[in-house]
Structure formats: C-alpha cells, structure tokens
Amino acid sequence: MHNNEVDMNGLVLKIEELSIAFGGLKAVDGLSFEIKENEVFGLIGPNGAGKTTAFNCITQFYKPDSGAIYFKDRKGQTQNLLDHGVHEIIELGLVRTFQNVELIRELSIIDNVLIGAHTDFKATIFSQAFRFPKAVKEEREMRAKAYKILETLGIEDRANLPVGGQPYGILKKVEFARSLISNPKLIILDEPAAGLNDVETIELASRIRKIRDELGCSILLVEHDMRLVMDVCDRICAISFGKFLAKGTPKEIKENKAVQVAYLGIEVDHD
Ligand SMILES: Nc1ncnc2c1ncn2[C@@H]1O[C@H](COP(=O)(O)OP(=O)(O)OP(=O)(O)O)[C@@H](O)[C@H]1O
Ligand SMILES: [Mg+2]
C-alpha cells in the first residue's frame, strides 16, 4: 500500500503484521497495534515476550522480516519507517530513551539536556563561540526551553549541577528531558521504571502524564513492570511469545484471563 493511502486519522503510529525471527525463533510474530495522537500507550508482556525486539524494529535498529510501521511525522506526512535509516528517525519526530542511561558526567544537567537539541542547534554551538547575535539568541531560547522541561519533570533546582554523582532516579529524568528537547511527536521509553523504587515510580507516572499534556506528544511505554503501565497508560497492548495477546484499558488488561495466565504462568481464579 502506498503511504498516503494509509488511514492515519487521529493516529501517530500504526504497526501492521510485524514479524522478525532470530534463527528459528519468532521473536515478534504478526504483531499489529495503533497509537493515537496524545496517547500514553503501554506495550507489556512477560520476559522474552518480544517487547525490546518490537521496540528495536520501530526505531529501525532492527529491520523486520515483514510488516509495516507507519508514522505520522512532524509535517503530518505518513512515513513507513522501514523506508528510513536509524539516524533519520529522530528528524521525523520519533525519539527513544535507552535502558542504560547515557549521559556526560562532567557536564551540567541542563547542558546534557541541550545535547539532545536539533542538529541545527548543534551547528550554532560553533558560531556561538564567535558570539554571533543570532546564535546567542537561539542558545538563550533553547536554554529556556530546556529549563522548562526540567521544571515539568521537577528537577529544575538541579539544572546547573554536574550529572556525575546524581542519584539514578534523577539520571533517568535527565535522559527523559534530553529526549524531549527535540519536540518529538512520539517518545518511546524503554523500561523507565527499571531501578526505581515504588515512590519514584509513582512520581514518574505523574510526570509522564504532565509531559504528554504540556508537550502534546504521544508516549509509548515498553515495560515489564505492571505498576507503572497500570498507573499511567490510556491503553495497553499485551504480548506473549511475540504474539498479540490483548488490548484495552488498564482495567481491561488487568482483568484479562489470557494476560493473567501469561504473566503468572498458571490459571488464576477470581471471584
Ligand atoms: N539479537 C537476538 N538474537 C537472538 N535472539 C534474540 C535476540 N534478541 C532477542 N532474542 C530472543 O527473542 C525473544 C524476545 O526477546 P525480547 O528481548 O524482545 O523480549 P522482552 O519482551 O524484551 O523481554 P524482557 O522482559 O526480558 O526484556 C527472546 O526469546 C530472546 O531470547
Ligand atoms: Mg526487554
């Protein structure tokens, strides 16, 4: 199907019949789901379900064996992401965070956020060294924007502190902030609750919703941890052994028999 014939009305991402195998193992097997504009969407499943593999297919780190991944880009044009290289994805308006936080310890928190800015801005860092007025103005604007994002995440009081020595929960937020500075349409968060305690997880959930409301973007949470997805997601897709299992609201997913069996590996009775 030609890209502009795909119905993306109200959607930011549409995955159709996605499959990829490693040797004989079908890590993702005919998976389809859609993410709406301004939606917090969760992709969940037990260990080895294929979440990270699906994630890597969306970001084009892996090229799937078959299927299509349609994305409505910054300009409102429908793109099949499979037509793009991994380095083009961020320009289209899709960003990701990494499971292992990758920051520059010697730089301040706000400078680490500014590193995530658009490539045009990075070019101006050079002209900024010569104090071109336009570059200085742009730098000031980007810095204000970065500060505002830090505010939304509740860590603005640490903006000028070096990253080195900050607790893990803060580092996760700095990485999140860095992904937001490029004005993405869709952010994919890879296990953002990993390594966080209960209090930090609940706090993160409220920040994720706030980011969605203030930046008007969609968020895809790829999570093993049920607490975060149940708290924050509008809709969830559950997978198991690479295959679609169930889709629905957190409540529907929680009550879904197939999901319970997949997660617990046993039949559960509910009264
Ligand atoms: N690069 C690879 N080469 C071979 N097999 C792989 C590769 N990546 C993943 N797999 C296999 O594909 C299946 C899905 O793995 P994947 O990492 O996507 O699961 P997951 O849902 O992210 O699990 P977890 O919750 O443990 O992170 C697993 O059986 C895994 O062993
Ligand atoms: Mg994984």
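**Two sheets and a ligand**

Colleague: What makes up the shell around ligand 1, in terms of nonpolar, polar and charged residues?

Modeller: Six residues of that shell are nonpolar, six are polar and two are charged. Asp, Glu, Lys and Arg count as charged, Ala, Val, Leu, Ile, Met, Phe, Trp, Tyr, Cys and Pro as nonpolar, and the others, Gly among them, as polar. Please keep in mind that this is a predicted model, where local features need pLDDT of at least 70, side-chain atom pairs need 80 or more, and totals for chains, interfaces and linings use all residues, while side-chain values use heavy atoms, without hydrogens and water. Residues are numbered from 1 along each chain as written, with chains lettered from A and ligands numbered from 1 in written order.

Colleague: Which residues around ligand 1 come nearest?

Modeller: Gly48, Gly50, Lys51, Thr52 and Thr53 do, out of 14 around the ligand. To be near, a residue needs a heavy atom within 4 Å of it.

Colleague: What makes the approach of threonine 53 to ligand 1 a polar contact?

Modeller: The term asks for a pair of N or O atoms within 3.5 Å. A polar side-chain atom of threonine 53 is 2.5 Å from a ligand oxygen, so the pair qualifies. Polar backbone atoms also approach oxygen atoms of ligand 1, at 2.8 Å for glycine 48 and 2.9 Å for glycine 50. The protein buries 61% of the 640 Å² that ligand 1 exposes when taken alone, by the Shrake-Rupley method with a 1.4 Å probe. Strand 2 and helix 1 each give two or more residues to the shell, and helix 1 gives the most, three.

Colleague: Why are strand 2 and strand 5 called edge strands?

Modeller: Four strands form an open antiparallel sheet in the order 2-1-4-5. Strand 2 (25-36) and strand 5 (78-80) each pair on one side only. Neighbouring strands here are turned by 20° on average, direction ignored.

Colleague: How do you know that strand 1 and strand 2 pair?

Modeller: Pairing takes at least two DSSP bridges. Strand 1 (residues 11-22) has eight with strand 2, so the pair passes. Leucine 18 and leucine 31 are bridge partners. Strands are DSSP runs of E with at least two residues, and helices are H or I runs with at least four.

Colleague: What makes the pairing in the sheet 6-7-8-3-9-10 stand apart by name?

Modeller: That open sheet of six strands is mixed. Strand 6 (94-96) and strand 10 (243-248) are its edges. Strand 3 (residues 40-44) runs parallel to strand 9 (residues 235-240), with four bridges, and leucine 43 is partnered with cysteine 237.

Colleague: Where does helix 7 lie?

Modeller: Helix 7 (residues 198-215) lies across strand 3, strand 7 and strand 8, at about 155° to strand 8. Contact means heavy atoms within 4.5 Å, and angles between fitted C-alpha axes run from 0 to 180 degrees in N-to-C directions.

How values were computed: A polar contact is a pair of N or O atoms within 3.5 Å; within protein, one must be able to donate a hydrogen and the other to accept it, and residues adjacent in sequence count only if both atoms are side-chain atoms.
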